[in-house]
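Student: Please take a close look at the strand pairing in this model. I should then like it to be connected with the elements, domains and ligands around it.

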Amino acid sequence: MVKPVIAIVGRPNVGKSTIFNRIVGERISIVEDIPGVTRDRIYSSAEWLSHDFNIIDTGGIDIGDEPFLEQIRQQAEIAIREADVIIFLTNGREGVTSADEEVAKILYRAKKPVVLAVNKIDNPEMRDLIYDFYALGFGEPYPISGSHGLGLGDLLDAAAQHFPSKDENDYDDDVIKFSLIGRPNVGKSSLVNAMLGEERVIVSDIAGTTRDAIDSMVTVNGERYVIIDTAGMRKRGKVYETTEKYSVLRALRAIERSDVVLVVINAEEGIIEQDKKIAGYAHEAGRAIVVVVNKWDAVEKDEKTMKEFEEKIRAHFLFLDYAPIVFLSAKTKKRIHTLIPMINKASENHSMRVETSVLNDIVMDAVAMNPTPTDNGKRLKIYYTTQVSVKPPTFVVFVNDPELMHFSYQRFIENRIREAFGFEGTPIKIFARERK
Ligand code: GDP
Ligand code: GDP
């Protein structure tokens with residue numbers, strides 16, 4: 001399911017990051033555990049009452065050394081391109097400024113819905129300050145206060161009215177959607193070209209979604225695939241597309257729209273922090289993952305090199321122990337033909353359902369082998385286990401007290417389930433619930 005995207009746009013200091021953080025709330029994530037300021041975080045999933053969406057703080061996307069107005073213009077362009085709904089944020093205490101008018105001009109041209117918010121309306125007496133903002137031409141301005149958390153519910157309700165209908169951006173269920181994610185120059189576009197150059201691949205069209213013509217629909221051996229955000233891999237040379245924050249944002253958006261993510265690493269350079277962050281995001285998003293080590297032709301090797309490289313990857317990506325690793329070369333085409341079968345396999349496992357009776361036999365055998373933990377004399381009891389969903393496979397274990405299900409024991413059960421059913425290439429999720 002593709003979540004709708006809201007982007008917050010506005011000139012500096014109107015309160016974009018304050019609002020963003022309010023809406024997102026506190027989230028703990030291995031990916032977002034980045035040293036530094038909150039400004040680092042510009043993209044997150046969020047839930048507000050019954051709404052489930054992603055949100056972008058465009059103010060956090062630095063646009064190099066461009067002049068002030070150019071920066072806001074480019075941030076607005078990014079919002080228009082990436083979001084389904086735009087929140088145009090202004091500052092009620094300062095009134096309408098010429099920079100607000102500049103932003104407005106760009107947003108008029110967009111065929112995306114805009115909701116106007118007037119921030120820093122910290123108390124009801126200040127409400128009258130919103131009237132000037134009708135002049136911006138986006139209808140009713142919503143008074144809010146980021147620092148006091150006021151008015152956000154009404155604002156988000158208004159934004160949610162414009163969310164696209166459920167599957168407007170979705171492809172058929174029987175196509176496998178995959179993306180290639182990695183730093184610039186690891187060889188993503190070369191890999192796509194090498195795959196598409198294979199004899200039996202038919203590129204039927206560039207699928208036009210409501211967003212942009214950015215995906216490629218291909219048919220390989222009669223199976224249909226969508227390569228997500230192929231366009232994002234092409235170099236377009238525009239400033240705002242080469243800024244690091246924006247390319248990370250593109251990658252995160254592509255991961256979300258994919259079933260299978262190919263995490264591409266350059267064999268010549270090894271693994272860097274950025275690779276980890278992106279792979280971690282794919283893992284948390286519950287996507288199937290294949291690690292692709294490209295440019296294997298350029299590495300000097302002996303019989304131990306591959307094994308050593310694999311160990312290094314495993315050590316860096318501890319959380320990805322289920323992901324297969326393939327060493328190949330887009331240049332010489334070595335092992336390129338193994339990619340599609342790996343994508344197929346990972347995708348199949350990602351949507352695999354197992355039989356409840358077999359599952360329970362496996363879990364009960366596991367318990368017999370390794371007794372459940374106790375805490376203060378109270379022992380964890382497992383009643384039964386059931387698979388509640390796919391993509392990724394998700395299991396609920398009904399127990400006497402979920403607090404007693406320690407991480408290590410859960411991990412043990414996960415490993416037994418993996419050994420029994422083989423979920424190579426896909427994360428699986430396990431939740432302990434109290435049996436009522
Ligand atoms: P951004 O540059 O648009 O992301 O703005 P920030 O979120 O960094 O906020 C700029 C300043 O405005 C900070 O000092 C915030 O504390 C302040 N601020 C944000 N929201 C409010 C608000 O609702 N009321 C008041 N009085 N100050 C606010
Ligand atoms: P992207 O930015 O990740 O899409 O990377 P590109 O596909 O544009 O490739 C970046 C550079 O790496 C280009 O000069 C490619 O020719 C080179 N390259 C890509 N794949 C390979 C490979 O398998 N081996 C070698 N030696 N070079 C490669």
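**Strand pairing and its surroundings**

Tutor: Thr394 has Lys429 of strand 18 as its bridge partner. The model is predicted: local features require pLDDT of at least 70 and side-chain atom pairs count only at pLDDT 80 or more, whereas totals for chains, interfaces and linings use all residues. Residues are numbered from 1 along each chain as its sequence is written, while chains are lettered from A and ligands numbered from 1 in the order in which they are written. Helices (H or I, at least four residues) and strands (E, at least two) are DSSP runs, numbered from the N terminus.

The pair just named belongs to a parallel arrangement, in which strand 17 (residues 394-399) and strand 18 are joined by 6 bridges. Two strands are said to pair if DSSP finds at least two bridges between them. Strand 17 occupies the middle of an open sheet of 3 strands, whose order is 16-17-18 and whose pairing is mixed. Strand 16 (382-389) and strand 18 (429-434) are the edge strands, each pairing on one side only. On average, with direction ignored, neighbouring strands of this sheet are turned by 25° against each other. Between strand 16 and strand 17 runs a loop that holds Pro392. The peptide bond joining Lys391 and Pro392 is cis, with omega at about 0°.

A second open sheet, again with mixed pairing, contains 6 strands in the order 2-3-1-4-5-6. Its edges are strand 2 (43-48) and strand 6 (142-143); each has a single partner strand, so one side of each lacks a neighbour in the sheet. Strand 6 runs parallel to strand 5 (residues 114-119), and 2 bridges connect them. Opposite Pro143 of strand 6 stands Val118. Helix 2 packs on this sheet, where it touches strand 1 (5-9), strand 3 (51-57) and strand 4 (85-91), and its direction makes about 165° with that of strand 1. (Axes are lines fitted to C-alpha atoms, for helices over the stretch in contact, and angles run from 0 to 180 degrees between N-to-C directions; contact means C-beta atoms, placed from the backbone, within 7 Å.)

Helix 2 also packs against helix 3 (residues 98-109), at an angle of about 35° and with the axes 10 Å apart. Their crossing is right-handed, a term for the near helix being turned clockwise from the far one by less than a right angle, left-handed being anticlockwise. Helix 2 contributes Leu69, Ile72, Arg73, Ala76 and Glu77 to the contact, and helix 3 contributes Ala99, Glu102, Val103, Ile106 and Leu107. By class, this contact has 7 nonpolar, no polar and 3 charged residues. Nonpolar here covers Ala, Val, Leu, Ile, Met, Phe, Trp, Tyr, Cys and Pro; Asp, Glu, Lys and Arg are charged; the others, Gly among them, are polar.

The domain assignment places domain 1 at 5-160, domain 2 at 176-350 and domain 3 at 356-434, these bounds being automatic or taken from a database. Domain 1 brings 17 residues to its contact with domain 2, which brings 13 residues. On the side of domain 1 that touches domain 2, helix 2 (residues 68-82) gives the most, with 5 residues. That side has 8 nonpolar, 4 polar and 5 charged residues.

An antiparallel pair is formed by strand 9 (residues 215-220) and strand 10 (residues 223-227), with 5 bridges. Val218 has Tyr225 of strand 10 as its bridge partner. The hairpin of these strands has 2 residues between them, and Asn221 takes a positive phi near 50° there. Asn13, although not a glycine, likewise has a positive phi, of about 75°; this residue lies in the loop between strand 1 and helix 1.

Helix 1 (residues 16-24) supplies 3 residues, the largest share, to the shell around ligand 1. The 15 residues around that ligand (near means a C-beta atom, placed from the backbone, within 6 Å) include Gly15, Lys16, Ser17, Thr18 and Gly146, which come nearest. The shell divides into 2 nonpolar, 10 polar and 3 charged residues. Around ligand 2 there are 16 residues, of which Gly187, Lys188, Ser189, Ser190 and Lys331 come nearest. Helix 5 (residues 188-196) provides the largest share of this shell, 3 residues. Here the classes are 5 nonpolar, 7 polar and 4 charged residues.

Notes. Two residues are in contact if their C-beta atoms, placed from the backbone, lie within 7 Å.
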